[in-house]
Amino acid sequence: MTATEAAEGPLRTTCPRDCYDACGIAVHRRDGAIRAVMGDRDHPVARGALCGKCAIAYNGIWRDPAQRLHRPLRRIGRKGEGRFAPATWDEALGDIAARLNAIRAWDPARILHTHYTGTVALLAGWFGLRLFNAIGATEVDPDTVCNKAGHVALGWTLGDSLAGFDPRAAKDAACLLVWGANPSATAPHMHRHWVGEAGALVVIDPIRHETAARADLHLQLRPGSDAALAFGLMHVAQAEGLLDRAFIARHVVGWEAIEAEVRAATPDWTAEATGLDAADILRAGRLYARGPSLMWLGQGLQRQPRGGNVFRAAAALAAVTGNLARPNAGLCYMNGPGTRGVDLADLTCPHLAPAEPPMVSHLDLAAVLADPARSAALVCWNNNIAASSPHQDALHAALRREDLLHVCLDLFETDTTAYADWVLPAASFLEFDDLVLPYFRHDVSAQVKAAEPPGEALPNQEIFRRLARAMGLVQPELSEPDGPILDRLVAATGVAPDFATLARAGTLEAHREIYVPFAGFRFPTPSGKVEIASPAALAAGAPLVPERHADPPPAPGRLRVLSPASPWTMNSSYANDPRIRAKLGPQAARLHPEDAAARGLADGGRAMLRSGAGSLALAVELDPEVPRGVAVVPKGRWPLHEAEGRNVNVLYDGRHGDVGASTCVHGVEATLEPLPATEKG
Ligand SMILES: Nc1nc2c(c(=O)[nH]1)N[C@H]1C(S)=C(S)[C@@H](COP(=O)(O)OP(=O)(O)OC[C@H]3O[C@@H](n4cnc5c(=O)[nH]c(N)nc54)[C@H](O)[C@@H]3O)O[C@H]1N2
Ligand SMILES: Nc1nc2c(c(=O)[nH]1)N[C@H]1C(S)=C(S)[C@@H](COP(=O)(O)OP(=O)(O)OC[C@H]3O[C@@H](n4cnc5c(=O)[nH]c(N)nc54)[C@H](O)[C@@H]3O)O[C@H]1N2
Ligand code: SF4
Ligand SMILES: [Mo]
């Protein structure tokens, strides 16, 4: 133990994974080296424990020097082979800068950059956009692979998708509705310590995950039938005098336009459309509408072909029952930096862009990368596209293009780095200071440097500063150092005067009183009201009002493939840790025993899952809790660890959802056929 540690205890920092929990971490060190990474006992969410996956990975591959990238790597093999030779930073940045400048002089929009939430810390997540804004590159719209439909739909309806309820409100709420989220995997501490705080817990999910199993009421509906359910729940409120007529009159536009549809959504109709029991629909409608109720809209919920419509219908339910803009009532999709007083533009500097930056959807990435007229370079950071983006076979084929300059920043050699011309070693969150604004609680948390990066690895933002310099770009924003930015952001939150003060505390609450989104009933829509009827939606080609829609059940012989989060990986992160891989077991499809029997499949047998886009050989796991017509194949495995070099994303052709060119990966339908035991997959 160092003298400092003896005096002050372990170093406090924050987990910056894309996770609702944003745990406080205690780093135990001895003689300057990290001994153990554990949950911070004093942190209100972590309460002394990391989740299982981080407890393994932060004490495994993330700190294993043999697994981490140390130096820039230059490709010496064919793309996809993953053969590299080490190079110096000067060689790497010199070559990348020269090639990017040449493309820039000709058509900067053919430089693509894709980034997502490998880390959500602000500098490592967002500083890089300054460079790409300055050169007028094309951004692969990050949210399109995750949650864009929900953002667009809530933007239309409420004016803001990033102002959600304060989780501290739960203990005074009569009902918490968890809709298409799986906290038991994706917010494990909220699952354990928080979801039970409200009077009643209602979960709406086709899968009976652990949070659903502990709920007072689990509505295990058919995938894609949630808008019909929302209308059914509004019907219960309408029929039982539980509508908030005063709220509707003052704060809602468009109730009259859906009222007849709500009247038609009787419990019997809704039961038929969703596969639920009418009695459960009644019970859920009463519990929720009586309120005060909180509605947590999960990201899994909107990854459906009509996910935008689902979100508009759900938000309408919250509005017409008056469960918005009140203490202990509200909805949460996620909480953005704005609820902490931070403007992301301070980090991304959109003013540097010569024009509105061009964008393409992740769903079109394979097609754009296959086309030299649309792409000449790709810079990828915080994002493992070869594992996690749709249309996997087509994307891998496009990444083999010899004339595409591909630069990839990561901590590890991944499926994506295997295709890169240059792999640049990034420092991990344990190795530099940064700021985390959790997207569930309204906290402000410090990420604090606990160790030196391995070898020559650098934080993303430093790599982008050096690249900008190598490219001869002189705007001062491109070289601004971390310290002043962190101090400015912390000061903007108001929780502390500077970063060092926050770092000593670890995490501070941004609001002393419970935060009430849309307080004073101020909705930042064009009308200032909740827009169930949205002219903006209509202008974008969507219906004026949400529709009483349910996807039909899969065609005979087909299964709806759901590929949600696994408790053992963070998206694709950690699937390279041997202890995590042991937890994951073989790639498998979980399905109902009757669906398996109908196909001649037994537990542990091998089968081929086949969609219009591709096919995947995997093991079969029987689970009576999975509803009929559904196969569950969790996301996050690394194609390069699989015999066939593929994961579940080979099945999704990248079809756009109804709103925002956003993913509808949970809308994939596939057949499943037995494979002879000898045929390897
Ligand atoms: N089938 C299916 N596919 C899905 C989904 C689904 O539900 N089903 N979900 C989608 C969703 S929601 C998402 S968000 C995507 C995300 O999918 P991924 O892009 O796989 O996300 P992550 O694993 O969070 O992070 C990506 C990479 O960031 C790296 N990384 C971590 N920290 C840093 C850092 O500081 N610097 C750098 N340079 N790299 C770092 C990690 O090592 C990792 O390789 O997957 C999508 N894919
Ligand atoms: N352990 C772990 N935690 C994670 C991640 C991870 O990969 N692993 N990923 C992180 C990221 S990037 C994100 S975006 C979040 C996502 O976290 P969540 O919001 O919890 O989303 P998912 O796990 O994708 O899906 C949640 C649930 O949506 C359900 N679902 C699918 N289709 C439908 C439908 O039609 N109707 C309803 N009602 N439910 C449906 C699935 O059955 C699943 O249980 O998790 C974050 N946290
Ligand atoms: S991934 Fe989530 S649950 Fe796990 S340690 Fe990080 S914040 Fe906590
Ligand atoms: Mo995500």
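This report walks through the ligand site, the cavities and one pocket of a predicted model.

**The ligand site**

Let's start with ligand 1. It has 30 residues around it, and the closest ones are Asn-383, Ser-388, Asp-410, Ser-572 and Asn-649. Sorted by class, that shell comes out as 15 polar, 11 nonpolar and 4 charged residues.

Oxygen atoms of ligand 1 turn up in contacts with both side chains and backbone. On the side-chain side, an N or O atom of Asp-410 sits 2.7 Å from an oxygen atom of the ligand. Ser-573 also brings in a polar side-chain atom, 2.8 Å from a ligand oxygen atom. With Met-570 the backbone does the job: one of its N or O atoms is 3.1 Å from an oxygen atom of ligand 1. As for cover, ligand 1 on its own would expose 910 Å², and the protein buries 97% of that area.

**The cavities**

How many cavities of 30 Å³ or more does the model hold? The count is 3.

The largest cavity has about 80 Å³ of space. Its lining takes in 13 residues, and cysteines are the ones nearest its centre: Cys-15, Cys-19, Cys-23, Cys-51 and Cys-54. Two helices, H2 (52-57) and H8 (188-194), each give at least two residues to this lining.

Next comes the second largest cavity, with about 40 Å³ of space. Its lining draws on several stretches of the chain; among the residues there are Phe-165, Asp-166 and Ala-169, then Arg-326, Pro-327, Asn-328 and Ala-329, and also Ile-514, Tyr-515, Val-516 and Pro-517.

**The second largest pocket**

Now for an open site. The second largest pocket has a volume of about 1000 Å³. It is lined by 40 residues, with Trp-126, Pro-142, Asp-143, Leu-162 and Leu-344 closest to its centre. Both strands and helices give two or more residues to that lining: strands S6 (111-115) and S7 (138-141), along with helices H4 (122-126), H5 (128-135), H6 (148-158) and H16 (345-348).

**Linings by class**

Here is how the three linings break down.

| Lining | Nonpolar | Polar | Charged |
|---|---|---|---|
| Largest cavity | 9 residues | 1 residue | 3 residues |
| Second largest cavity | 8 residues | 1 residue | 2 residues |
| Second largest pocket | 20 residues | 13 residues | 7 residues |

Conventions
Residues are numbered from 1 along each chain as its sequence is written. Chains are lettered from A and ligands numbered from 1 in the order in which they are written. This is a predicted model: local features need pLDDT of at least 70, side-chain atom pairs count only at pLDDT 80 or more; totals for chains, interfaces and linings use all residues. Side-chain values use heavy atoms; hydrogens and water are left out. A residue is near a molecule or strand if one of its heavy atoms lies within 4 Å of it. A polar contact is a pair of N or O atoms within 3.5 Å; within protein, one must be able to donate a hydrogen and the other to accept it, and residues adjacent in sequence count only if both atoms are side-chain atoms. Accessible areas come from the Shrake-Rupley method with a 1.4 Å probe; for residues, only the protein chains shown count as cover. Ala, Val, Leu, Ile, Met, Phe, Trp, Tyr, Cys and Pro count as nonpolar, Asp, Glu, Lys and Arg as charged, and the others, Gly among them, as polar. On a 1 Å grid over the protein atoms alone, a cavity is a set of points where a 1.4 Å probe fits but cannot get out, and a pocket is an open set with protein on both sides within 12 Å along at least five of seven lines; lining residues have an atom within 4 Å of a point. Grid points are joined across faces, edges and corners, and a volume is the space filled by probe spheres set on the points. Helices (H or I, at least four residues) and strands (E, at least two) are DSSP runs, numbered from the N terminus.
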